[in-house]
Amino acid sequence: MIPVHYYLIVSAIMFITGVVGVLTRRNAIIIFMCIELMLNSVNLTFVAFSAYLGNVSGQIFVFFVMAVAAAEAAVGLAIVIALFRNRQTVNINEINLLKW
Amino acid sequence: MYEYVGLIVLFPLIGLLINGLLGRKIKSEVLVGTIGSAAVGLSFIVAAAIFVDMLGAAADDRSHVVTLFTWLAAGSFKVSAAYQVDQLSILMTLVVTGVGFLIHVYSIGYMHGDRGFWRFFTYLNLFIFAMLNLVLADNYVLMFLGWEGVGLCSYLLIGFWYDKKFPGVSITWTGDAANKAFYVNRIGDFAFMIGMFLIFKEFGTLTYYEVMDQAEAVAVGDGTMFWITLLLFIGATGKSAQIPLFIWLPDAMAGPTPVSALIHAATMVTAGVYMVARNAALYALAPDTMMIVAIVGAVTAIMAASIGIAQNDIKKVLAYSTVSQLGFMFLALGVGAFTAAIFHLMTHAFFKACLFLGSGSVIHALHEEQDIRRMGGLKRIMPRTYWTFLISSFAIAGFPPLSGFFSKDEILWKAFADASPILWGIGAIAAFMTAFYMFRMVTLTFLGEARWESGKHPHESPASMTIPLIVLAFLAIFGGFVGVPAVLGGGNAIHQWLHPVYFQAEQIMRLPEHHNHALEYLLMGISVAIALGGFLLGRNMYLKDPEADRKLMKLGVLYRVLANKYYIDEAYDGAVVKPLVKSSETLLYRVFDVGIIDGIVNGLGRLATATSSMLRTVQTGIIQNYAAVLVLGIVLVLGLIILI
């Protein structure tokens with residue numbers, strides 16, 4: 001059996017990748033994908049602990065996360081499309097209306 | 001009967017509310033005028049009923065306090081809306097409502113056709129209301145309410161014709177004259193208030209009889225008493241137009257003539273005399289103040305009388321005459337002859353109101369002409385105005401047996417006997433000048449050839465104006481008989497009547513009784529001779545030559561000084577007004593207001609802007625920066641949790 005910390009290390013790498021992606025990339029779709037990556041790294045942790053502890057509640061949680069992520073993806077992509085229609089770009093550096 | 005004193009004050013209030021709220025809607029001038037006059041007339045009837053009731057009561061049962069409600073209460077300090085009905089206040093009330101009623105009736109004719117007719121009667125009723133509060137109040141605070149109220153009405157009525165020009169030193173419009181009256185009175189009122197505070201500090205109460213009771217324990221010449229009485233007297237110099245604050249009264253003639261008669265001759269300007277008389281017991285404790293009062297009164301009397309000689313505006317002459325007569329009253333107060341002061345106040349109200357209303361009648365007939373050099377020959381055209389004016393002139397000049405003779409002579413006699421022959425001398429010279437300028441005016445206005453511009457058709461005034469004149473003329477003749485002195489076989493009824501009010505003051509002063517009848521007769525004879533001399537000189541000089549002023553002009557500088565009112569307006573303007581305006585403009589406005597106050601406020605604003613403009617760069621609008629800060633924060637918090 002593969003020890004649990006292997007899963008945790010992979011999950012951590014995935015999460016860090018996601019965070020760095022969110023912070024550094026300019027394309028809204030890629031940022032979006034990075035967020036999904038972070039969510040999935042969490043899912044991986046859940047599943048790993050679930051198997052390790054022999055408790056199914058972790059796996060049930062994963063379903064909830066996936067359902068929310070699906071809903072979030074639908075809304076998020078719709079926003080990106082609306083943004084693109086308005087400004088002909090998905091580069092978030094050009095979408096800085098929050099400025100003073 | 002005295003419980004009904006509230007009604008006296010209530011009627012003018014009702015009249016003022018009706019005319020003030022509905023006057024604009026009421027189209028009929030007669031109705032507005034009737035409401036205004038009836039309000040005062042009813043007050044007079046109630047006051048007269050109380051007076052009759054009081055006559056029937058025993059001498060020591062004539063003073064009552066009627067409390068309506070508690071006005072202010074703070075700890076031990078309590079002020080009630082309470083009226084003190086006694087011999088002095090009822091006398092004042094009768095004069096105010098009686099003369100006030102006549103002047104209201106006169107105004108119906110005089111103000112006919114004025115677009116502010118209802119406004120005029122509203123102000124007049126407000127004035128009567130305030131004046132009655134002033135004379136009836138049983139404490140200083142309510143008196144001060146009335147005191148300020150009459151000042152307000154004076155302001156409103158001086159500037160009544162606010163779009164009319166009025167010439168004067170630093171004055172262009174009637175409104176400027178109104179402002180001047182208001183400002184000058186503020187100075188006096190300030191002193192009055194400090195005096196009031198001092199009384200409270202000293203006695204812990206502001207009710208007259210409580211103050212007077214406690215004053216019995218104070219020694220004569222007490223330092224605090226000196227300051228209290230002096231400050232109150234400064235208040236009186238403002239209201240009653242004495243040196244140094246008399247300058248507003250001549251300019252107050254900018255108002256309609258009935259106002260000059262009611263406010264600036266008969267009633268309001270005597271408020272200071274009444275106030276000092278009301279506080280006689282306190283003044284008796286401060287002989288130094290009494291001396292100041294007497295000297296100020298005497299100097300004002302002679303100074304104003306001398307200015308009156310060289311004036312050509314009929315109302316200005318009367319205005320300076322009023323200042324001069326008020327000086328006589330203060331002279332009387334200063335020598336301790338309080339009853340004589342009140343007596344003269346009363347007779348003066350009669351004849352001066354009559355004179356002012358008569359001058360109004362003349363001005364009315366000549367279409368707003370006020371220069372006596374352009375009058376003359378009105379005797380035949382306006383007989384009623386002429387005769388009433390003449391009678392009042394004799395009264396003010398002091399011809400026996402008219403009212404002015406008794407009151408003025410008593411003042412001069414008391415000044416001689418109880419103070420010093422010098423004060424008597426000043427008063428006597430002022431009396432001579434009074435007779436002279438009065439008959440100069442009578443002669444120039446009514447006698448000789450007509451000198452008014454052709455095209456004017458003067459006419460006698462309507463009955464609503466002449467009837468008050470006739471009534472006042474009768475009062476000017478017979479009003480003096482209430483104070484016929486003992487040497488002439490009279491009982492001096494007014495002295496007996498007021499005696500209980502001044503009992504305390506007289507106890508303190510202990511003036512000697514005078515039995516030197518020969519001296520009194522002699523002085524009386526001199527008074528009559530003086531009046532006669534002034535009359536003959538004034539009449540003959542100007543009857544022969546209406547331009548006899550040229551003879552006076554030979555006095556050169558002296559005449560110019562008189563004609564220009566001793567340059568006092570100019571001196572005050574240069575010494576007080578201009579520097580004040582100048583320093584306000586430069587120091588207060590440019591340096592303090594713009595520089596310091598605005599500087600601080602704008603500086604705070606600029607500080608906020610500057611710091612914000614630095615801080616706002618944090619808000620880049622780039623979402624990733626916010627996210628980075630968020631992540632950094634999480635890492636920091638997590639790191640802390642793990643490490644600790």
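**Domains, cores and contacts in a predicted two-chain model**

In this predicted model, the domain assignment divides chain B into domain 1 (1-138), domain 2 (139-563) and domain 3 (564-611). The meeting of domain 2 and domain 3 is a good place to begin. The C-alpha centres of these two domains of chain B lie 39 Å apart, and eight residues of domain 2 are in contact with 10 residues of domain 3. On the domain 2 side of this meeting, helix H13 (287-309) and helix H23 (557-563) of chain B each supply at least two residues. Of the elements on that side, H23(B) gives the most, with three residues. Sorted by class, the domain 2 residues that touch domain 3 of chain B comprise six nonpolar, one polar and one charged.

Attention now turns to the interior. In soluble globular proteins, nonpolar side chains tend to be buried together. Here, the largest nonpolar core has 218 residues, and B:Leu331, B:Ala341 and B:Ala353 have the most contacts inside it. Domain 1 (1-138) and domain 2 (139-563) of chain B each contribute at least three residues to this core. A closer look at B:Ala341 shows that, leaving aside residues up to four places away in sequence, this residue touches B:Val273, B:Ala277, B:Met329, B:Ala332 and B:Leu333. There is also a second, separate core of five residues, among them A:Val22, A:Ala28, A:Ile31 and A:Phe32.

Finally, the two chains can be considered together. Between them, 10 residues of chain A are in contact with 10 residues of chain B. The chain A side of this contact has seven nonpolar residues, two polar and one charged.

Key: Residues numbered from 1 in each chain as written. Chains lettered and ligands numbered in written order. Predicted model: local features only at pLDDT ≥ 70, side-chain atom pairs only at ≥ 80, totals over all residues. Core = buried A, V, L, I, M, F, W, Y, C linked by C-beta atoms within 7 Å. Buried ≥ 20, exposed ≤ 12 C-beta atoms within 10 Å, placed from the backbone. Domains from an automatic or database assignment. Contact = placed C-beta atoms within 7 Å. Nonpolar A, V, L, I, M, F, W, Y, C, P; charged D, E, K, R; others polar. Helix = DSSP H or I, 4+ residues; strand = E, 2+ residues; numbered from the N terminus.
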